[in-house]
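Here are my notes on this one, jotted down as I went through it. Have a look at the model first, then read on.

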Amino acid sequence: RWYRLDSSKRQVINRVFSNIGKSIAAYERTLQPESSRFDRFVEALEKKGEREALSLMSESELLGARLFVDEQRTQCLQCHNGPLLSNGGFHNIGTGVFQGAAMDFGRVFGLQAALMDEFNCYGKYSDADRDECHHLNYLSKDPHQGLQGAFKVPTLRYLDQTAPYFHDGRFDTLAEVIDYYVSPPTEGRNAVHELRPLELSSKEKSALIAFLKLFSPSAKQ
């Protein structure tokens, strides 16, 4: 039915659709995440000193924080860094689905879809000059980059409110997520990924989860 419309009518509809999208995007850019206990910890560390800051966290949360920043023990900071706790990149952690009814190859096809989309930054519905389209201008199209099974790194903010986890919602709890990182896939196509197995005790797993919950505004004082 869409393609039976006159092309001029389709363009009018697309223009309205894109303008609504721009309005929503402009509003969303004004939104700031609520302050979390982790934000208050950082603020105390900067303004009141280490002793005052450390008093805001439990022993388990402090252990989790040390694990989070320990690049020899974990790889958390490799992807989850910056104010949004995401590097905004795409990484392969072995979660691609390469067969069955719910196949999802990740960025390898998503990249092509973005480049072909008439609503992208290069398209006629964009208000940006071409040199302002930084995401497309500096987009890596290297076919050897391993785009199959690569998905965008999500923020860790509001983590206790964003279950289920991973791109396809395969895990209901953070404990399941941590167990996945402890024992990533070793067989099949998903055996090729960026992870290395983590050696964490039960106490350390619980501590890491306790720390991750500090990124949510709802975390208890």
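How much area does the protein expose, and what share of it do carbon and sulfur atoms supply? The exposed area comes to about 14700 Å², with 54% of that coming from carbon and sulfur. Keep in mind that this is a predicted model.

1. Overall make-up. There are 9 helices and 2 strands in the protein. Going along the sequence, they come in the order α-α-α-α-α-β-α-α-β-α-α. If you want a box for the C-alpha atoms, roughly 65 × 45 × 30 Å along the principal axes will hold them.

2. Burial and contacts. Of the 221 residues, 32% are buried. Take the contacts between residues at least 6 apart in sequence: 66% of these link residues at least 24 apart.

3. The loop between E2 and H8. Strand E2 covers 150-152, and helix H8 covers residues 174-182. I'd look at three residues in the loop that joins them. One is proline 164, which sits in this loop and is linked to alanine 163 by a cis peptide bond, with omega at about 0 degrees.

4. Positive phi values, same loop. Tyrosine 158 is placed between E2 and H8 as well. Its phi is positive, about 60 degrees, even though the residue is not a glycine. Is tyrosine 158 buried or exposed? Neither label fits: its relative accessibility is 24%, so it counts as partly exposed. Phenylalanine 166 also belongs to the E2–H8 loop, and here phi is about 75 degrees, again positive in a residue that is not a glycine.

5. How H8 and H9 cross. Two packed helices are described by the angle between their axes and the distance between the axes. For H8 and H9 (residues 202-212), the axes come within 10 Å and the crossing angle is roughly 125 degrees. The oblique class runs from 115 to 145 degrees on this side of perpendicular, and H8 and H9 are therefore oblique to each other. The crossing of H8 past H9 is right-handed.

6. What meets what. On the H8 side, the contact uses Leu174, Ala175, Ile178, Asp179 and Val182. Facing them from H9 are Lys205, Leu208, Ile209 and Leu212. Sorted by class, the H8–H9 contact has 7 nonpolar residues, 2 charged ones and no polar ones. Asp179 in H8 and Lys205 in H9 are among the residues that take part, and both residue types count as charged.

Methods: Residues are numbered from 1 along each chain as its sequence is written. This is a predicted model: local features need pLDDT of at least 70, side-chain atom pairs count only at pLDDT 80 or more; totals for chains, interfaces and linings use all residues. Side-chain values use heavy atoms; hydrogens and water are left out. Axes are lines fitted to C-alpha atoms, for helices over the stretch in contact, and angles run from 0 to 180 degrees between N-to-C directions. Helices (H or I, at least four residues) and strands (E, at least two) are DSSP runs, numbered from the N terminus. Angles under 35 degrees count as roughly parallel, over 145 as roughly antiparallel, 65 to 115 as roughly perpendicular and the rest as oblique. A crossing is left-handed if the near helix is turned anticlockwise from the far one by less than a right angle, and right-handed if clockwise. Contact means heavy atoms within 4.5 Å. Buried means under 20% relative accessible area, exposed over 50%, partly exposed in between (1.4 Å probe, protein chains only). Accessible areas come from the Shrake-Rupley method with a 1.4 Å probe; for residues, only the protein chains shown count as cover.
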